[in-house]
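Me: I am new to this structure and would like to go through it with a few careful questions. Could you show it to me before we begin?

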Amino acid sequence: MPSVVFGSAARAELIEARRQSVSLPHDYTQDLAGIQAPVLLIHGRCDRMVPFAVSIAILNHIADSRLVLLNNCGHWPPFEKPAEWAAQVLAFLRGY
């Protein structure tokens, strides 16, 4: 059974857990040119988590790629715009 920690010990554990869980940024741009498969990028115009410039950068580094921008859509196009998302994916798949 897990132990429950209260007070300053809990605070110390929380600080240590946060220290260990910090993500380190990594730039994968140089690896993108090696992607040989066709790529479809679908980006929500209102995405506040990933800037549109990221999709543009990916598009510019993968030879066989295309980008679709969905209006009135945030970070989760398959859930926010399922019909539009599915139509784009199916059209992409039919083209290959």
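Reply: For what follows, Ala, Val, Leu, Ile, Met, Phe, Trp, Tyr, Cys and Pro count as nonpolar, Asp, Glu, Lys and Arg as charged, and the others, Gly among them, as polar. Please keep in mind that this is a predicted model.

Me: How do the residues of the lining of the largest pocket divide into nonpolar, polar and charged?

Reply: The largest pocket, with a volume of about 180 Å³, is lined by 14 residues, and those closest to its centre are Leu41, Ile42, His43, Asp47 and Ser55. Sorted by the classes just given, the lining comes to eight nonpolar, five polar and one charged.

Me: Which element gives the largest share of the lining of the largest pocket?

Reply: Two elements give two or more residues each to this lining, namely strand E1 (39-44) and helix H3 (52-61). The largest share, five residues, is that of E1.

Me: Which residues make up the largest nonpolar core?

Reply: In soluble globular proteins, nonpolar side chains tend to be buried together. One member of the core here is Val68, which, beyond its neighbours within four places in sequence, is in contact with Leu40, Leu41, Ile42, His43 and Gln88. The five core residues are Leu40, Val68, Leu70, Cys73 and Phe92.

Me: Why is Cys73 not in a disulfide with Cys46, and how far apart are their sulfurs?

Reply: Cys73 is buried, because its relative accessibility is 1%, whereas Cys46, at 43%, counts as partly exposed. A disulfide needs cysteine sulfur atoms within 2.5 Å, and the structure holds zero disulfides. The sulfur of Cys73 is too far for a bond from the closest cysteine sulfur, that of Cys46, because the distance is 7.7 Å.

Technical notes: Residues numbered from 1 in each chain as written. Predicted model: local features only at pLDDT ≥ 70, side-chain atom pairs only at ≥ 80, totals over all residues. Heavy atoms only, no water. Core = buried A, V, L, I, M, F, W, Y, C linked by side-chain atoms within 4.5 Å. Buried < 20%, exposed > 50% of the residue type's maximum accessible area, 1.4 Å probe, protein only. Contact = heavy atoms within 4.5 Å. 1 Å grid on protein atoms, 1.4 Å probe; cavity = no way out; pocket = protein on both sides within 12 Å on 5 of 7 lines; lining within 4 Å. Points joined across faces, edges and corners; volume = space filled by probe spheres on them. Helix = DSSP H or I, 4+ residues; strand = E, 2+ residues; numbered from the N terminus.
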